[in-house]
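I wanted to look up where empty space is left in this fold and how some of its helices pack. These are my notes, in the order I made them.

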Amino acid sequence: MKQVLNVGIGGRSFVIDEDAFDRLSAYLDDFRSRTGMGYQTKEVMDDLEMRIAEIFTESLSSRQEVVDISLVERVIAQLGMPDGSAAPGGPGPSGGRNSGEYWHPGDSGRPVRKLYRDKDHNVIGGVASGLACYFDVDVLVIRILFVCLFLFGSFGGWIYLILWIAVPAARTSAEKCRMHGLPVTAENMRRFYNSNN
């Protein structure tokens, strides 16, 4: 019988078998050494651990309560390494659906785009730039639409205010990947860290 450990990953507690823990620890250590982000490495690692915790939570069912080596290998294949290379001891390079990226059954073949406020390209609250990312249009079109709605009936101001309150801001690199409709991989998350600095 394998020994199991109770570990905290991304602020959540998981029961993980010893082999899976060793593999995950080796992956995290190798990932940390390859980030090359200096003082931002802690933020990158925190985001990575939160994403790993999300995948573990989504994947565990009532039948399987222990994280095993196969689940850890799927997570490593999905996230890859920050430089886009393959994780040591794992399948090919990260980045595409055919190279080991984890997809839920029934997915249409592309990541889901989520609505967030874009605080990186905001003028007031980031609502217009977030909507532009969501609908994949130029932000200027959305801003002109809000101004026209505001001038011709004051609906624009109310809509903007409601969206500013209701729509969360994209703070983590994983949320920024979802906002742009990109898979949440280490390579994509690193791209958003580099673009913010």
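Entry 1, a pocket. I looked up the second largest pocket of this predicted model, and its volume came out at about 220 Å³. The lining of this pocket has 14 residues, and I noted those closest to the centre: I124, A128, R143, F146 and Y160. Next I asked which helices each supply at least two residues of this lining. I found three names to write down: α4 (127-135), α5 (139-151) and α6 (155-166). The largest share comes from α5, with 4 residues. I then sorted the lining by class and wrote down 8 nonpolar, 5 polar and 1 charged residues.

Entry 2, cavities. Rolling a probe the size of a water molecule over the atoms shows where empty space is left. How many cavities of 30 Å³ or more does a search of the whole structure find? It finds 2. I looked up the second largest cavity, which has a volume of about 30 Å³. Its lining is made of L115, Y116, R117, G126, V127, G130, L131, L163 and V167. Helix α4 gives the largest share of this lining, 3 residues. By class, I noted 6 nonpolar, 2 polar and 1 charged for the lining of the second largest cavity.

Entry 3, α4 and α6. Both helices had come up in the pocket lining, so I looked up how they pack. Their axes are 10 Å apart, and the angle is about 80 degrees. Angles from 65 to 115 degrees count as roughly perpendicular, which means that α4 is roughly perpendicular to α6. On the α4 side the contact is made by V127, A128 and L131, and on the α6 side by Y160, L163 and W164. I sorted these contact residues too: 6 are nonpolar, with no polar and no charged ones. I also went back to my earlier lists. A128 and Y160 are among the residues closest to the centre of the second largest pocket, while V127, L131 and L163 are among those that line the second largest cavity.

Entry 4, α1 and α3. I moved on to helix α1 (residues 18-35) and helix α3 (residues 69-79), whose axes come within 8 Å and cross at roughly 20 degrees. Angles under 35 degrees count as roughly parallel, so α1 is roughly parallel to α3. I recorded the crossing of these two helices as right-handed. From α1, the contact takes in D19, A20, R23, L24 and Y27, and from α3 it takes in I69, V72, E73, I76 and L79. The class count for this contact is 7 nonpolar, no polar and 3 charged.

Entry 5, α1 and α2. What is the angle at which α1 and helix α2 (residues 41-59) pack? I wrote down about 145 degrees, with the axes 10 Å apart. The crossing in which α1 passes α2 is right-handed. The α1 residues in the contact are L24, Y27, L28, F31, R32 and T35. Those of α2 are T41, V44, M45, L48, E49, I52 and F56. The contact of α1 with α2 divides into 9 nonpolar, 2 polar and 2 charged residues. Checking back, I saw that L24 and Y27 of α1 are also named in the contact with α3.

Definitions and conventions:
Residues are numbered from 1 along each chain as its sequence is written. This is a predicted model: local features need pLDDT of at least 70, side-chain atom pairs count only at pLDDT 80 or more; totals for chains, interfaces and linings use all residues. Side-chain values use heavy atoms; hydrogens and water are left out. Axes are lines fitted to C-alpha atoms, for helices over the stretch in contact, and angles run from 0 to 180 degrees between N-to-C directions. Angles under 35 degrees count as roughly parallel, over 145 as roughly antiparallel, 65 to 115 as roughly perpendicular and the rest as oblique. A crossing is left-handed if the near helix is turned anticlockwise from the far one by less than a right angle, and right-handed if clockwise. Contact means heavy atoms within 4.5 Å. Ala, Val, Leu, Ile, Met, Phe, Trp, Tyr, Cys and Pro count as nonpolar, Asp, Glu, Lys and Arg as charged, and the others, Gly among them, as polar. On a 1 Å grid over the protein atoms alone, a cavity is a set of points where a 1.4 Å probe fits but cannot get out, and a pocket is an open set with protein on both sides within 12 Å along at least five of seven lines; lining residues have an atom within 4 Å of a point. Grid points are joined across faces, edges and corners, and a volume is the space filled by probe spheres set on the points.
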